[in-house]
Amino acid sequence: MGSLFRNAAALAAVLMLGACAVGPDYGTPVAATTAWSAPLPARLGTASLVGWWDSFHDPVLTGLLGAAEADSPTLAQAWASIAKARATVAQDRAGRLPTVTAGGSAQRAKQSALGGTATTNTLSGTLDASWELDLFGKLRRTQEAAEARVEARTDDWHDASVSLAAEVADDYVQYRACRLLARAYADQAASQADTAHATATSMRAGFTSPINGALAEASAASLRASAVAQQAECDLLVKALVSLTGLEEADLRRRMREPADAPPPLPAPEGFAVDSVPAAALAQRPDLASLERELAAASAEIGVAEADRYPSLSFSGEIARSGTALGSLMTTWLLGSSLTAPLFDAGKRAAAVDSAQAAYDYQLAAYRSGVRTAIRDVEQALVRLDAATRRTGDVRTAAQGYRTYFEATDRNWRAGGASLLDREEALRNALNAEISLITVQRDQIEYWIALYKALGGGWQAGTPARGPVQAAPADTRKSGDAS
């Protein structure tokens, strides 16, 4: 009985020793930035980033965003990476538990001799168990690294989701602005074609010089070329949206077809709240969260490499039964333990620790670089948004003034009080001002989208990823097959 207690006490001591884990205990780095240098938007809305797309009040955009998320190869890849990381965690957890295997065999032998024939049946079965104690936390640190990478892959999915939504919205806004620009060029080209025709008629009657006729025709040709080029840009944006959403082009064009009697309006989203504390804003970025989790995994792997330099202890046991018949089976059992310790490896394990430390230093530098990139993204988006907002009023005033001046010059030219050169200059100024207004309106929305992406799109730590929608399997039976 005393021997039993001594063995139990020794086992308890070993298990208590297994509660320790070598290697560094991880701590999350802290970003040092305390305030934004760029100006915050003067007019901030109260909408959260999560539901910000609803503020566009555009069912077409909402439908495109839904289609893109439902059929995105990028999100499918990210989800597969999550599944792979989860499987790795399951394997590492299983590695910390005992393993049991069973085996059995049956043999039938026949021997012939002068005295007759003898038949022998042999049956055997074994049950093996083994368990490696995690003395210095090698298995535990391995599991920590695997769990951190599951969280990193989940953050990667959210980052891909935010990027996808921002790209779809950006291309859609560009397309709507492109349609406005294409319409402006087409209207001006048609107007200039009428002017060129009237000038040619006047030139043939001898009332207009050939120089004015050449000028009018050149202006008409230039506007026609600009209209064709602008339409091509719109078609390219359609192709980009087809790739992002997975929709058929005909279906996509049908969804984005605007009424024939009105130009397509640009979406007018409301602003969203921007936290003035960078640390709080950066905590919303899933890409930074992914880098931080990779850093945690690298820290745990230092412990894995360090624990590999220490002894390892494992227990094993076997129960076997064998015999020539079920009634005569003999049982044997075996229990044992083994202790192994590295004595000389020419510095291999020490180099593994150095390598793990270098990997951690690399991830730390990557995290710090990611923080700086995030701050730059937010700062640049704020600067661009502020400039576009302040420009919009002046650009609108300029567009209205140049349009009014052109209309007056055109009437004066038709009455013979202004030259064709004056009219062409007024037309160019009006067209350029109209293009500038459309562009600055488009840019203002694009910079809001860029700020949305730079702030993480409303992601919050712990939000689960959504797996791909599994389509029902297609019926592959031929029409003549029986059910």
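H5 and H10 cross in a left-handed sense. Keep in mind that this is a predicted model. The two helices, H5 at residues 210-245 and H10 at residues 420-454, pack at an angle of about 15 degrees, and their axes lie 10 Å apart. Angles under 35 degrees count as roughly parallel, so H5 and H10 are roughly parallel to each other.

Who does the touching? On the H5 side, the contact is made by Asn212, Leu215, Ala216, Ser219 and Leu223, and H10 brings Leu420, Leu421, Glu424, Leu427 and Leu431. Sorted by character, the residues in this contact come out as seven nonpolar, two polar and one charged.

H5 also takes part in a disulfide, through cysteine 234. As a reminder, a disulfide is a covalent bond between the sulfur atoms of two cysteines. The count here comes to one disulfide. Its partners are cysteine 178 and cysteine 234, with their sulfur atoms 2.1 Å apart. The torsion about the S-S bond is about -105 degrees, so this disulfide is left-handed. The pair ties together distant parts of the chain, 56 residues apart: cysteine 178 sits in helix H4 (residues 138-204), while cysteine 234 belongs to helix H5.

Are the two cysteines buried or exposed? Here's how they come out, with under 20% relative accessible area counting as buried:

| Cysteine | Relative accessibility | Status |
|---|---|---|
| cysteine 178 | 3% | buried |
| cysteine 234 | 0% | buried |

So cysteine 178 is buried at 3%, and cysteine 234 is buried at 0%.

Notes. Residues are numbered from 1 along each chain as its sequence is written. This is a predicted model: local features need pLDDT of at least 70, side-chain atom pairs count only at pLDDT 80 or more; totals for chains, interfaces and linings use all residues. Side-chain values use heavy atoms; hydrogens and water are left out. Axes are lines fitted to C-alpha atoms, for helices over the stretch in contact, and angles run from 0 to 180 degrees between N-to-C directions. Helices (H or I, at least four residues) and strands (E, at least two) are DSSP runs, numbered from the N terminus. Angles under 35 degrees count as roughly parallel, over 145 as roughly antiparallel, 65 to 115 as roughly perpendicular and the rest as oblique. A crossing is left-handed if the near helix is turned anticlockwise from the far one by less than a right angle, and right-handed if clockwise. Contact means heavy atoms within 4.5 Å. Ala, Val, Leu, Ile, Met, Phe, Trp, Tyr, Cys and Pro count as nonpolar, Asp, Glu, Lys and Arg as charged, and the others, Gly among them, as polar. A disulfide is a pair of cysteine sulfur atoms within 2.5 Å. Buried means under 20% relative accessible area, exposed over 50%, partly exposed in between (1.4 Å probe, protein chains only).
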